Amino acid sequence: MRRKILIILGSIFSLFMIILFIFFLIKGESSKWQVALGGIFVCGLPVLLIFKKNILFNLPTIIGFYLFIFCSTYLGSIGDFYLKYKWWDSTIHFYKGIYMACFGITLYKLMIPEQVRIGTSRWILSLFVLSLSVLASVLWEIYEFVGDQTFTHIMQLGGNKDTMYDLLCGVLGGLIIAIYAYFRKEKV
């Protein structure tokens, strides 16, 4: 079932981004065709998982990934939500913080055998989940900085203030899930 959903979502999103790439390339809108080109590659990455015998990631993780890509690349960059709605950027960073923390829980469950998880401290799980979320926020800000220095010049329009708000939103999202994981360790 996961394999079929992964193929369907990956194909739909990749095809959608290919169409957008061609459309904006013909129109000569370089900032939008570049985003669509990046979207083609990013949407295709999870499809590589179908070559694995056992897809380890659950459906919410896979669907959450594509939701993030749709909201950040298509709505945010191509649909100009980042420019039209001041709250959009912070919301995406908050969602990314939550998503990456949930992804951390998934990794924890995949990498740590169940008999070891029983004796693992709640703090270890919470710190791991929060750390992964914070790392993702920092890497995203590095991506925005490098992108602005080399290609787009529109990702960090607010400068240092934008970066700090983005980091705070990402950390807050991760912190919420880290607290949840702390209190619900046996259920996660």
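# A tour from pocket to helices

The lining of the second largest pocket holds 11 nonpolar residues, 4 polar ones and 1 charged one. That pocket makes a good place to begin, and please keep in mind along the way that this is a predicted model.

**Stop 1: the second largest pocket.** The space in this pocket comes to about 270 Å³. To put your view on it, select Asn58, Pro60, Thr61, Cys102 and Thr106, which are the closest to the pocket centre among the 16 lining residues. Now colour α3 (59-78) and α5 (86-111), the elements that each give two or more residues to the lining. Which of the elements provides the largest share? Helix α5 does, with 9 residues of the lining.

**Stop 2: Phe103.** Stay with helix α5 and select Phe103, which is part of that helix. Is Phe103 buried or exposed? Its relative accessibility is 19%, and the cut-off for buried is under 20%, so Phe103 counts as buried. Show what surrounds the residue: beyond its neighbours within four places in sequence, Phe103 is in contact with Phe57, Thr61 and Leu132. You have met Thr61 already, as one of the residues closest to the centre of the second largest pocket. For a distance label, pick the C-alpha atoms of Phe103 and Thr163: these residues are 60 apart along the chain, and the label should read 23 Å.

**Stop 3: α2 against α3.** Next, display helix α2 (residues 30-44) together with α3; their axes are 10 Å apart and make an angle of about 175 degrees. How do the two helices run relative to each other, roughly parallel or roughly antiparallel? Angles over 145 degrees count as roughly antiparallel, and α2 and α3 are therefore roughly antiparallel. To see the contact itself, show side chains for Lys32, Val35, Ala36, Val42 and Cys43 on the α2 side, and for Phe65, Tyr66, Ile69, Thr73, Ser77 and Ile78 on the α3 side. By type, this contact has 8 nonpolar residues, 2 polar and 1 charged.

**Stop 4: two loop residues.** Go to the loop between α2 and α3 and select Leu48. With a relative accessible area of 52%, Leu48 is exposed. Add Leu6 to the selection: 42 residues separate Leu48 and Leu6 along the chain, while their C-alpha atoms are 9.4 Å apart.

Then move to the loop between α3 and α4 (81-84), where Asp80 sits. What is the phi of Asp80? Its value is about 60 degrees, a positive phi in a residue that is not a glycine. Asp80 has 23% relative accessibility and counts as partly exposed.

**Stop 5: Ser137.** Select helix α7 (residues 122-150) and pick out Ser137 within it. Here the relative accessible area is 1%, and Ser137 is buried. Which residues touch Ser137, once neighbours within four places in sequence are set aside? They are Lys96, Leu167, Gly170 and Val171. For a view across the model, label the C-alpha distance from Ser137 to Leu25, residues 112 apart along the chain; the atoms are separated by 30 Å.

**Stop 6: Tyr180.** Finish in helix α8 (residues 159-183), which contains Tyr180. Tyr180 is partly exposed, at 42% relative accessible area. Select Ser126 as well: Tyr180 and Ser126 lie 54 residues apart in sequence, and 8.3 Å separates their C-alpha atoms in space.

Notes. Residues are numbered from 1 along each chain as its sequence is written. This is a predicted model: local features need pLDDT of at least 70, side-chain atom pairs count only at pLDDT 80 or more; totals for chains, interfaces and linings use all residues. Side-chain values use heavy atoms; hydrogens and water are left out. On a 1 Å grid over the protein atoms alone, a cavity is a set of points where a 1.4 Å probe fits but cannot get out, and a pocket is an open set with protein on both sides within 12 Å along at least five of seven lines; lining residues have an atom within 4 Å of a point. Grid points are joined across faces, edges and corners, and a volume is the space filled by probe spheres set on the points. Helices (H or I, at least four residues) and strands (E, at least two) are DSSP runs, numbered from the N terminus. Ala, Val, Leu, Ile, Met, Phe, Trp, Tyr, Cys and Pro count as nonpolar, Asp, Glu, Lys and Arg as charged, and the others, Gly among them, as polar. Axes are lines fitted to C-alpha atoms, for helices over the stretch in contact, and angles run from 0 to 180 degrees between N-to-C directions. Angles under 35 degrees count as roughly parallel, over 145 as roughly antiparallel, 65 to 115 as roughly perpendicular and the rest as oblique. Contact means heavy atoms within 4.5 Å. Buried means under 20% relative accessible area, exposed over 50%, partly exposed in between (1.4 Å probe, protein chains only).
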